[in-house]
Amino acid sequence: GLIFYDTKVTVMNRVLNATVQRTADHAAPEITLDPLEIVGGEIRSSENSYFCQAARQLGCVPSSQLCVKLASGGDPTYAFNIRFTGEEVHGTSGSFRHFLWQVCKELQSSSLSLLLLCPSSAVNKNKGKYILTPSPITYAEEQLFHFFGQLLGIAIRADVPLPLDLLPSFWKTLVGEPLDPDVDLQEADILTYNYVKKFENISDETELEALCAEITSQHLATESPDCPNKPCCKFTYLSLTGEEVELCPRGRHIPVGWENKDVYAAAIRSLRMRELQTPECMTAVRAGLGSIIPLQLLTTLTPLEMELRTCGLPYINLEFLKAHTMYQVGLMETDQHIEFFWSALEMFTQEELCKFIKFACNQERIPFTCPCKDGGPDTAHVPPYPMKIAPPDGAAGM
């Protein structure tokens, strides 16, 4: 926190360019994707998704071949080239950016099970935010999490912000920062947070009995074995994936009473924190990321800075875009139709601006920092900067 973000980025970029492993005399790996598998935006099977198609093919490619220099200039080097079956695409940038955009859509949909919508979304808190799915993973799933980590590193080297909406707890765990048992639980699962707080704040046994009666009415508890008409809770709770789990050995047979209510609340909190940390999944993600960029770099970044470098900002800053725009062949910023163009964009909603950016450069988000000088024609531009506005092709007046 004592170092400016721009300084960290400068150091990070130098390290990334110093750890390039694929030299110019090595051809870029190429993968072939079949767009027909996701016609209409519906993926019939997770195996048909772009994510899984790419994971299968790149699984045979040494990670050293994916470690390229940072993207800069007009024709950047990307980790791999993409060929779409039945399509002739000129250049590599557009198809590469479209691929990253598509896999982010897949990751945040029901077609893949690597990410889980956070429970707080159900009550309009952190709506649309995701966490890693906290469950025991198979070898195949471990490979997919590994590839997910590689994609994070590939996007950093390509400087293509990924349109991923992940909770801060993901980025905290990724950079090795401990989670806050209050703040992060509330962000991820506010219903469980409120449930735990109720048990922690009970002042007498009458309140406990009333709370158990309330929970019983919601079918989350049973009757006390000592008093059949007296409701009680047991040492069980639902996991984030919906399974009932025991909070301690033989938890289904242990009722919650005045003596152990604090232990019960602490056990639920502990369960959720373990699920948010997802050690098995995160280990695979970090291993994948570490095969593309040195993990030591993460020690200098805060969770928010890591998110900004990987995913950029979810909104478009028009003033920044304006400063990184070039006008070609005699056009000037003061031309009337150019002023109309910017006036129209100013009336766009953020959602519409994202669609415009997707139309213009095949990615929804753009880097919010750029090492060029005030948007001038400088080779240090980070693609897709600068945005170029040119006269229309064809005869004058068309």
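A salt bridge here is a side-chain nitrogen of Lys or Arg within 4 Å of a carboxyl oxygen of Asp or Glu. The views below come from a predicted model.

**Figure 1. A salt-bridge network links Asp-182, Lys-197, Glu-200 and Arg-269.** Two of its members are acids, Asp-182 and Glu-200, and they are linked with Lys-197 and Arg-269. The structure as a whole holds 18 salt bridges. Arg-269 also appears in Figure 5, where Pro-181 touches it.

**Figure 2. Arg-309 and Asp-159 meet in a salt bridge.** The N to O distance is 3.9 Å. Arg-309 belongs to helix 11, residues 303-311. Asp-159 sits in the loop between helix 4 (139-158) and helix 5 (168-175). The two parts are 150 residues apart in sequence, so the pair ties together distant stretches of the chain. Are the partners buried or exposed? Arg-309 is buried, because its relative accessible area is 8% and the cut-off for buried is under 20%. Asp-159 is buried as well, with a relative accessible area of 14%.

**Figure 3. Two further salt bridges, Arg-252 with Glu-246 and Lys-261 with Asp-262.** The closest N and O atoms of Arg-252 and Glu-246 are 3.4 Å apart. Arg-252 is partly exposed at 39% relative accessibility. Glu-246 is partly exposed at 34%. For Lys-261 and Asp-262, the closest N and O atoms are 2.9 Å apart. This pair joins a buried residue to a partly exposed one. Lys-261 has a relative accessible area of 5%, whereas Asp-262 has 46% relative accessibility.

**Figure 4. Helix 2 crosses helix 3.** Helix 2 spans residues 50-58 and helix 3 spans residues 93-107. Their axes come within 8 Å. The crossing angle is roughly 115 degrees. That makes the two helices roughly perpendicular. Which residues of helix 2 meet helix 3? They are Tyr-50, Phe-51 and Ala-54. On the helix 3 side, the residues met are His-98, Phe-99, Gln-102, Val-103, Glu-106 and Leu-107. By class, the contact has 6 nonpolar, 2 polar and 1 charged residues.

**Figure 5. Pro-181 and its contacts.** Pro-181 is placed in the loop between helix 5 and helix 6 (183-188). Pro-181 is partly exposed, at 40% relative accessibility. Leaving aside residues up to four places away in sequence, Pro-181 touches Arg-269 and Met-273. The C-alpha atoms of Pro-181 and Arg-272 are separated by 8.9 Å. Along the chain, those two residues are 91 residues apart.

**Figure 6. Two loop residues with positive phi, Asn-124 and Arg-250.** Most residues other than glycine have a negative phi. What is the phi of Asn-124? The angle is near 60 degrees, a positive value. Asn-124 lies in the loop between strand 3 (115-117) and strand 4 (130-132). Asn-124 is exposed, at 57% relative accessibility. Arg-250 also has a phi near 60 degrees. Arg-250 is found in the loop between strand 8 (244-246) and helix 9 (261-277). Arg-250 counts as exposed because its relative accessibility is 57% and the cut-off for exposed is over 50%.

**Figure 7. Cysteines without a disulfide.** How many disulfides does the structure hold? The count is 0. Cys-311 is in no disulfide. The nearest cysteine sulfur belongs to Cys-104, and it is 7.2 Å away. A disulfide needs sulfur atoms within 2.5 Å, so this pair does not qualify. Cys-311 is buried, at 0% relative accessibility. Cys-281 is buried too, at 1%.

**Figure 8. The whole protein, as context for the close-ups.** The protein has 14 helices and 10 strands. Of its 398 residues, 46% count as buried. Consider the contacts with a separation of 6 or more. Residues 24 or more positions apart account for 65% of them.

Key: Residues numbered from 1 in each chain as written. Predicted model: local features only at pLDDT ≥ 70, side-chain atom pairs only at ≥ 80, totals over all residues. Heavy atoms only, no water. Buried < 20%, exposed > 50% of the residue type's maximum accessible area, 1.4 Å probe, protein only. Helix = DSSP H or I, 4+ residues; strand = E, 2+ residues; numbered from the N terminus. Axes fitted to C-alpha atoms, helices over the stretch in contact; angles between N-to-C directions. Parallel < 35°, antiparallel > 145°, perpendicular 65-115°, else oblique. Contact = heavy atoms within 4.5 Å. Nonpolar A, V, L, I, M, F, W, Y, C, P; charged D, E, K, R; others polar.
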